[in-house]
Amino acid sequence: MEIGVHHQSECWIEHMFAAKAVTRGGVIRRSVAWVEHEIGRERLIAEVRARGFCLLECGGQFVVICQRGAIRRLV
């Protein structure tokens, strides 16, 4: 990976996880296509896992639940 590309992906990750929703334990979502273009699916999975969050994929979107607690699907 080139240095410039690596720096861009690091900035992208920092920007994504700096959202207010993350600090409040909320939810963030990003387009699957955009994530795959910017940093790749595996990198997102690793970043979410490292933070202890939950990652869902639905309707062409990645949904990150920014809490470490249990998740229960109701419907």
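1. Valine 64 has many contacts in this predicted model. Leaving aside its neighbours within four places in sequence, valine 64 touches Met16, Phe17, Gly26, Val27, Ile28, Val48, Phe53, Cys54 and Leu55. The points below place several of these residues in helices, strands and the core.

2. Valine 64 belongs to the largest nonpolar core, which has 15 residues. Those with the most contacts inside this core are Met16, Phe17, Ile28, Leu44, Phe53 and Val64. At least two core residues come from each of α1 (3-16), α3 (32-38), α4 and β3. The most is given by α1, with 3 residues.

3. The sheet is open and has 3 strands, in the order β1-β3-β2, with antiparallel pairing. Its edge strands are β1 and β2, each of which pairs on one side only. On average, and with direction ignored, neighbouring strands of the sheet are turned by 20 degrees against each other.

4. Strand β1 (residues 27-31) pairs with strand β3 (residues 61-65) over 5 bridges, in the antiparallel sense. The register can be followed along β1: valine 27 is opposite isoleucine 65, arginine 29 has valine 63 as its bridge partner, and serine 31 is opposite glutamine 61. The two faces of β1 are not alike in cover: Ile28 and Arg30 are on the covered face, while Val27, Arg29 and Ser31 are on the uncovered one.

5. On the other pairing, strand β2 (residues 54-58) and β3 are also joined in the antiparallel sense over 5 bridges. Cysteine 54 stands opposite isoleucine 65 in β3. A hairpin is formed by β2 and β3, with 2 residues between them. In its turn, glycine 59 has a positive phi of about 55 degrees.

6. Helix α4 (residues 41-51) packs on the sheet and touches β2 and β3. The direction of α4 makes about 145 degrees with that of β2. Which residues of α4 are buried? They are Leu44, Glu47 and Val48. Seen down the helix axis, these buried residues fall within an arc of 95 degrees, so they line one face of α4. A general rule of helix geometry is useful here: an α-helix has 3.6 residues a turn, so residues three or four places apart point the same way. On the other side of α4, Glu42, Arg49 and Ala50 are exposed. Glycine 52 follows α4 and has a positive phi, near 75 degrees.

7. How many disulfides does a search of the whole structure find? The search finds 0. As background, a disulfide is a covalent bond between the sulfur atoms of two cysteines. Why is cysteine 11 not bonded to cysteine 66? The sulfur of cysteine 66 is the closest cysteine sulfur to that of cysteine 11, but it is 19 Å away, which is too far for a bond. Cysteine 54 is in no disulfide either, and its nearest cysteine sulfur, again that of cysteine 66, is 10 Å away.

8. The accessibility of two cysteines can be added. Cysteine 11 counts as partly exposed because its relative accessibility is 35%. Cysteine 54 also counts as partly exposed, at 21% relative accessibility. The cut-off matters for cysteine 54, because buried means under 20%.

Notes: Residues are numbered from 1 along each chain as its sequence is written. This is a predicted model: local features need pLDDT of at least 70, side-chain atom pairs count only at pLDDT 80 or more; totals for chains, interfaces and linings use all residues. Side-chain values use heavy atoms; hydrogens and water are left out. Two strands pair if DSSP finds at least two bridges between them. Helices (H or I, at least four residues) and strands (E, at least two) are DSSP runs, numbered from the N terminus. Axes are lines fitted to C-alpha atoms, for helices over the stretch in contact, and angles run from 0 to 180 degrees between N-to-C directions. Contact means heavy atoms within 4.5 Å. A nonpolar core is a set of buried Ala, Val, Leu, Ile, Met, Phe, Trp, Tyr and Cys residues joined through side-chain atoms within 4.5 Å. Buried means under 20% relative accessible area, exposed over 50%, partly exposed in between (1.4 Å probe, protein chains only). A disulfide is a pair of cysteine sulfur atoms within 2.5 Å. The arc is that of the directions from the helix axis to the C-beta atoms.
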